[in-house]
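Student: Got a minute to walk through this one with me? I'd like to start with the core and then poke at the odd spots.
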Amino acid sequence: MNTKYIDLINQTYYFPQEEFRLGDNGLEFHGVDLMGLVEKYGAPLKFTYLPKISENINLAKKWFADAIEKNNYKGTYNYCYCTKSSHFKHVLNEALKNDIHIETSSAFDIDIVERLKKTGKVSDKTYVICNGFKRDRYIDNIARLINNGHENCIPIIDNYEEIELLSDSIDNHFNVGIRIASEEEPKFEFYTSRLGIGYKNIIPFYEEQIKNNERVDLKMLHFFINTGIRDTAYYWNELVKCLKVYVRLKKICPSLDSLNIGGGFPIKNSLAFEYDYQYMIDEILNQINITCAEADVPVPHIFTEFGSFTVGESGGAIYEILYQKQQNDREKWNMINSSFITTLPDTWAISKRFIMLAVNRWNDEYERVLLGGLTCDSDDYYNSEQNMAAIYLPKFRKEKPLYIGFFNTGAYQETIGGFGGLQHCLIPSPKHILIDRDKNNNLTYQLFSEQQTSEQLLNILGYEH
């Protein structure tokens, strides 16, 4: 009878997979011995496997290059990294190795761009696409960047007052984009995104505020929907509506030459994950070709702003199962030595699911469990996998420590969780390890941050004296 954890995985998924395989010491992720990582640094811990960032960037570039060739597409492709996914220096340094551009969403992003310019990671040729609602500090920082010679900084207009605010602060000519306020899926509580300007209002807005403004040129139309780039009737319908606006604008606005289709590429959230990236890109370019040909206008240069796709699949977290609580006849709670709310906040906030696997003891029998965090909060739990209504792990044995890993957690979790700040119930942030490969393709390890200390938390709370 197949009762071992390894049997369950083999029966449920195709395994091993490109990034996961079983080694002599347990589970390996991109060749990283995870138990070796635990033995060296302890658990809980978080890690970032930096080479995956460059790998995904270059995958997307290749997919777009192939689609451009296949569709005889006359525009160019520009890959932008959405910095809000992870602002960390090690992430930006890795991403910027690959001749990419940057998308920002708030004032302090511009400070990061300026630091990167000083170190030569970003040049004046780098596009800086500035999204988001622009308060005074953001306006001032954008203006400073442009006034200092960064002409490839393109603020994306989000509301009707931003043109005037930018004009008051920028000394000379500048380019802008306009964000389309897309209509949301019917499941949303509202019909239209709060971001950008409505479809019907874009042409009047251009004619009133940009067309006769000698200091401003419209360069880009920006399109993004919350559900991301998916092969659904909703996505294709919204894209067609966007393209109709683009061709109408292009006929009256010669400077318009770029279409930003935003982010939204999904990342692997299950060992059963399937998504045809190449098909989606091919079809997007095909739809643009068709619409522009029918309207007799040149196709736009394409920009994307991939955030989760860039950095998400580089991250992981490892916890130890501390204890098992049998709360009734059916439910067993495995308690991790950290908190889901604080270290993987999307599991609590939006019920997001990541790939979860046992790190060790794959040859032991398995059982169905629930996973609970350490905080005194009933919502601090994780109860099912993306494609299964349950969690199965090797049976808990007090004398045989069990470690579990959550994978592809590299986007948003640190910033949403408040890295380096207060944590719910004062559960400390775990240590974080950076994993890279040297010129000989050997793995290297660097301790980026230690686990939070009591002194750090007390200082934040005002108990420093």
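Student: How many residues are in the largest nonpolar core, and which have the most contacts inside it?
Tutor: Keep in mind that this is a predicted model. The largest nonpolar core has 85 residues, and Leu 221 and Ile 288 are the ones with the most contacts inside it.
Student: Which helix gives the most to this core?
Tutor: That's H9, residues 233-252, which puts in 10 residues.
Student: And what is Ile 288 in contact with, leaving aside neighbours within four places in sequence?
Tutor: Tyr 73, Leu 243, Leu 259, Val 299, Pro 300 and Ile 302. Apart from that core there's another one of 46 residues, including Ile 9, Tyr 49, Ile 391 and Leu 402.
Student: Switching to helices: at what angle do H3 and H10 pack?
Tutor: About 45 degrees, with the axes of H3 (residues 51-70) and H10 (residues 277-295) 9 Å apart. Angles from 35 to 65 degrees are classed as oblique, so H3 is oblique to H10.
Student: Is the crossing of H3 and H10 left-handed or right-handed?
Tutor: Right-handed. On the H3 side the contact is made by Trp 63, Phe 64, Asp 66, Ala 67, Ile 68 and Lys 70, and H10 brings Tyr 277, Gln 278, Ile 281, Asp 282 and Leu 285.
Student: How do the residues of that contact divide?
Tutor: Seven are nonpolar, one is polar and three are charged.
Student: OK, odd backbone stuff. Where is the peptide bond from Phe 15 cis, and what's omega?
Tutor: It's the bond from Phe 15 to Pro 16, with omega near 5 degrees. Pro 16 sits in the loop between helix H1 (5-12) and strand E1 (20-23). A cis peptide bond also joins Ala 43 and Pro 44, with omega about 10 degrees, and Pro 44 is in the loop between helix H2 (34-41) and strand E4 (45-49).
Student: What about phi at Asn 408, positive or negative?
Tutor: Positive, about 65 degrees, although Asn 408 is not a glycine. Asn 408 lies in the loop between strand E20 (403-407) and helix H14 (413-416). Its relative accessible area is 2%, so Asn 408 is buried.
Student: And Cys 425, buried or exposed?
Tutor: In between: at 37% relative accessibility, Cys 425 counts as partly exposed. Cys 425 has a positive phi too, about 60 degrees, and is found in the loop between H14 and E21.
Student: Last one: where is His 432?
Tutor: His 432 is in strand E21, residues 431-437. With 6% relative accessibility, His 432 counts as buried. Beyond neighbours within four places in sequence, its contacts include Lys 46, Glu 414 and Phe 448.

Methods
Residues are numbered from 1 along each chain as its sequence is written. This is a predicted model: local features need pLDDT of at least 70, side-chain atom pairs count only at pLDDT 80 or more; totals for chains, interfaces and linings use all residues. Side-chain values use heavy atoms; hydrogens and water are left out. Axes are lines fitted to C-alpha atoms, for helices over the stretch in contact, and angles run from 0 to 180 degrees between N-to-C directions. Helices (H or I, at least four residues) and strands (E, at least two) are DSSP runs, numbered from the N terminus. Angles under 35 degrees count as roughly parallel, over 145 as roughly antiparallel, 65 to 115 as roughly perpendicular and the rest as oblique. A crossing is left-handed if the near helix is turned anticlockwise from the far one by less than a right angle, and right-handed if clockwise. Contact means heavy atoms within 4.5 Å. Ala, Val, Leu, Ile, Met, Phe, Trp, Tyr, Cys and Pro count as nonpolar, Asp, Glu, Lys and Arg as charged, and the others, Gly among them, as polar. Buried means under 20% relative accessible area, exposed over 50%, partly exposed in between (1.4 Å probe, protein chains only). A nonpolar core is a set of buried Ala, Val, Leu, Ile, Met, Phe, Trp, Tyr and Cys residues joined through side-chain atoms within 4.5 Å.
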